[in-house]
Structures are given as structure tokens and as C-alpha cells.
Amino acid sequence: MIISEDNKNQFENLGYIKISNFIDDKNYKSLCSQLNAEINKKFDDNKRDVMQMGGSLIGNVNIRLGNKGQLIWDYLKKNNIEDVIYSLTGIEKDKFESFAGGNLLFPYPKSYNQIFHTDGKKEPRKIILSLCLNEVNNNNGPTELYEKSHKDEIPYWKFVFKYFFKKKYQLQLSVGDIFIREAFIWHRGTRNKSKDTRILVNFIISENKNKDLNYDTSHEISFFDNMFSSDLRGKVKEFIDVKLRPVYFFYKFFRSLF
Ligand SMILES: [Fe+2]
């Protein structure tokens, strides 16, 4: 895959790019379906623990892929992903720090729309490469994002005025597609209306090791908090977010004013 000037301009201007059919390989497809089954089994076997985690009320928890992430990364590398990322972002491959993770949306009716947010701050810069293990369509919780919203660091209230009524991009993916975005773009996970979990694999790429990336030394697939912490304070916030969304919205809105 050669990155054209148009591709570069799109990434810079919109803050994201989707490359369809980036990996066209039967073995990769079977790896994805194996991994999908494996993560689902882990999820079922550890449901009690997962249900205590931050994000479990909204139905969206993070995944550590452990060494399984390497298998996927190897396929990406075979297709020169490092050159692609360098061309798009300017991050050189010997400076890559990459964390292999993902997130899992609970099946219907246990997942809800997230509130719009950015993943971290503008600095240190992070890039997120996402791919799916099972198709992501408009029924099973596609990520929604606002194009061009990665440029300025703005508080939530400003985001509301600037973007709320703008058109959202909805990310649909097939196995083999990849999606690269600035972590610092306004987006949200949406509700999974299907009966199956929706798993997105994310590689978080940064120039230097980020303390907040939760680097993992374990080789096992595991789950961890998403958006909210699992302590009482986090649980209360998440409860308000899920059950009393307008209250949570105003809380975020007014907090961002000061
Ligand atoms: Fe996010």
C-alpha cells in the first residue's frame, strides 16, 4: 500500500483515514475469527469480574491482548504498516511504542452510547489503529466521530457548540480493513443493538512511552476499566451517565466552563 498525497491530506485534515481491504489474507481472517472466539470465551469465563469493572454499566470494557496482539501486528507489518503510519503521521518506526488492546461492547441490551470525548490530551500525541475481528456495522455499535475535531484542544462546552449539530462519521469495518485516527479526536462508542459482542482491536501508537497506556507484561488476554474507574466514585459517575444522561451532560458541560 502506497500512501498518496490525497491520503496524507485526508488524515491531516479530517483526523482519520479508513483503508479498506488492507490485509487480504485467508490466514489473517481465520486468526481474527479464532481471536474473536477466544476473547468471547474469556469474557464469558470472567463475567463476574468484568461486571465489577469501570465501563461495565455502560457495557464497554477495554481488552489487553497480551501476546495475541503481536500476531495481528505481524500481519500488519507484512503489509508495511510502519511505513504507512510514518507517511501519515511522521512518527518514525524506530520510535514507535505500541500497545495492543481493544474494547468489547456487551451485547444488546447491555450497552449504551458513550458521551463524546477525546482519548487523552493533544500531547503527548497518540495514534490509534483499529481493526475488527467481526464485522462492525450500524447495528453493533460503530464508533462515531466528528471529522476535523482533532485540531484544537477545547473544553467540553465549546465542543458542544462547535460540533454537536455537525454530521458525524460512523465507522463501519470489515475484517481486513484498518482505521487510523488521532486519539485526540472527539468520538464516542455507540450502542450495540445486536445479540453478539462487538470487539475492536486497537493499537495505540505513540512516539514515546506514555504512562497512561497501561503497558502490560502479561501474555494473557484480560479486561480492564474503560472511561470510568471501578471504585465507588467511578461507579456513581457511571451510574449517573447511564441512567441520568442529561444530568451527566450538564455536569460535564458546567465543569468544563471553569
Ligand atoms: Fe474513546
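**Strand 4 and helix 5 in a predicted model**

Student: This model is predicted. What follows helix 5, and what is the sign of its phi?

Tutor: Look just past the end of helix 5. G90 follows the helix. Its phi is near 85°, so the sign is positive.

Student: Which residues of helix 5 are buried?

Tutor: Helix 5 covers residues 81–89. A residue counts as buried if 20 or more other C-beta atoms lie within 10 Å of its own. In helix 5, the buried residues are I81, V84 and I85.

Student: Within what arc do the buried residues of helix 5 fall, seen down its axis?

Tutor: These residues line one face of the helix. That follows because, seen down the axis, they fall within an arc of 95°.

Student: What covers the buried residues of helix 5?

Tutor: The cover includes a helix and two strands. The helix is helix 4, residues 68–78. The strands are strand 4 and strand 9.

Student: Why is strand 4 described as largely enclosed by the rest of the structure?

Tutor: Strand 4 runs over residues 126–132. K126, I128, S130 and C132 point one way, and I127, L129 and L131 point the other way. Both sets are buried. Strand 4 is largely enclosed because its buried residues number seven of the seven.

Student: Which residue is the bridge partner of K126 in strand 9?

Tutor: Strand 4 and strand 9 pair in the antiparallel sense, over seven bridges. Strand 9 spans residues 198–206. There, the partner of K126 is S206.

Student: Which residue of strand 7 is the bridge partner of I128?

Tutor: Strand 7 spans residues 178–182. Strand 4 pairs with it in the antiparallel sense over four bridges. The partner of I128 in strand 7 is R181.

Conventions
Residues are numbered from 1 along each chain as its sequence is written. This is a predicted model: local features need pLDDT of at least 70, side-chain atom pairs count only at pLDDT 80 or more; totals for chains, interfaces and linings use all residues. A residue is buried if 20 or more other C-beta atoms lie within 10 Å of its own, exposed if 12 or fewer, and partly exposed in between; C-beta atoms are placed from the backbone. Two strands pair if DSSP finds at least two bridges between them. The arc is that of the directions from the helix axis to the C-beta atoms. Two residues are in contact if their C-beta atoms, placed from the backbone, lie within 7 Å.
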